[in-house]
Amino acid sequence: MPRPFLAALVVLAWSLPALAQTLTSPEPLETPPAAAPEGSTASAEVVLLVTVGVDGSVREVSVAQSGGQAFDAAAIAAVVRWRFKPALRDGEPFEARVRIPDR
């Protein structure tokens, strides 16, 4: 094996632990439930994509799977009241996007 290649391989091996990051996803702390739309006798599953800020608040919401306009609105109204433990990268909070429910 040529020496320059071997030297580069050794430097890379030493630097890999520095590249590794510890990541944790946002964790829900407060999850007020959604209220069923008025007059609804059915149920629906709504899947949301939620951006959680560094302070654990909900910053942005979009519908990934619709359950119908009324159910989507009820799900969004509920999730904007949720509070999270923020995502962490090496112990520092960062803005992250999560899927709710996370199936």
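Modeller: Before we start, one term: contact means heavy atoms within 4.5 Å. And keep in mind that this is a predicted model.

Colleague: Fine. Leaving aside neighbours within four places in sequence, which residues is T51 in contact with?

Modeller: With that cut-off, T51 is in contact with S57, V58, R59, E60, E95, A96 and R97. T51 itself sits in strand 3, which covers residues 47–52.

Colleague: Does any polar pairing come with that, and what joins the side chains of T51 and R97?

Modeller: A polar contact of 2.5 Å joins those two side chains, T51 and R97.

Colleague: Is T51 buried or exposed?

Modeller: Buried means under 20% relative accessible area. T51 has 8%, so T51 counts as buried.

Colleague: And P93, how do I read that one, with 38% relative accessibility?

Modeller: Partly exposed is the range between under 20% and over 50%, so P93 at 38% falls into that class. P93 lies in strand 7, residues 92–94. Beyond four places in sequence, P93 is in contact with V54, P86, A87 and L88.

Colleague: How far apart are P93 and G56?

Modeller: In sequence, 37 residues; in space, 8.8 Å from C-alpha to C-alpha.

Colleague: Now the core. How many residues are in the largest nonpolar core?

Modeller: The largest nonpolar core has 12 residues, among them L48, A75, V79, V98 and I100. Strand 3, helix 2 (69–79) and strand 8 (96–100) each give two or more residues to this core.

Colleague: What does L48 touch, not counting residues up to four places away?

Modeller: L48 touches V61, S62, V63, A64, A75, I76, V79, V98, R99 and I100.

Definitions and conventions: Residues are numbered from 1 along each chain as its sequence is written. This is a predicted model: local features need pLDDT of at least 70, side-chain atom pairs count only at pLDDT 80 or more; totals for chains, interfaces and linings use all residues. Side-chain values use heavy atoms; hydrogens and water are left out. Helices (H or I, at least four residues) and strands (E, at least two) are DSSP runs, numbered from the N terminus. Buried means under 20% relative accessible area, exposed over 50%, partly exposed in between (1.4 Å probe, protein chains only). A polar contact is a pair of N or O atoms within 3.5 Å; within protein, one must be able to donate a hydrogen and the other to accept it, and residues adjacent in sequence count only if both atoms are side-chain atoms. A nonpolar core is a set of buried Ala, Val, Leu, Ile, Met, Phe, Trp, Tyr and Cys residues joined through side-chain atoms within 4.5 Å.
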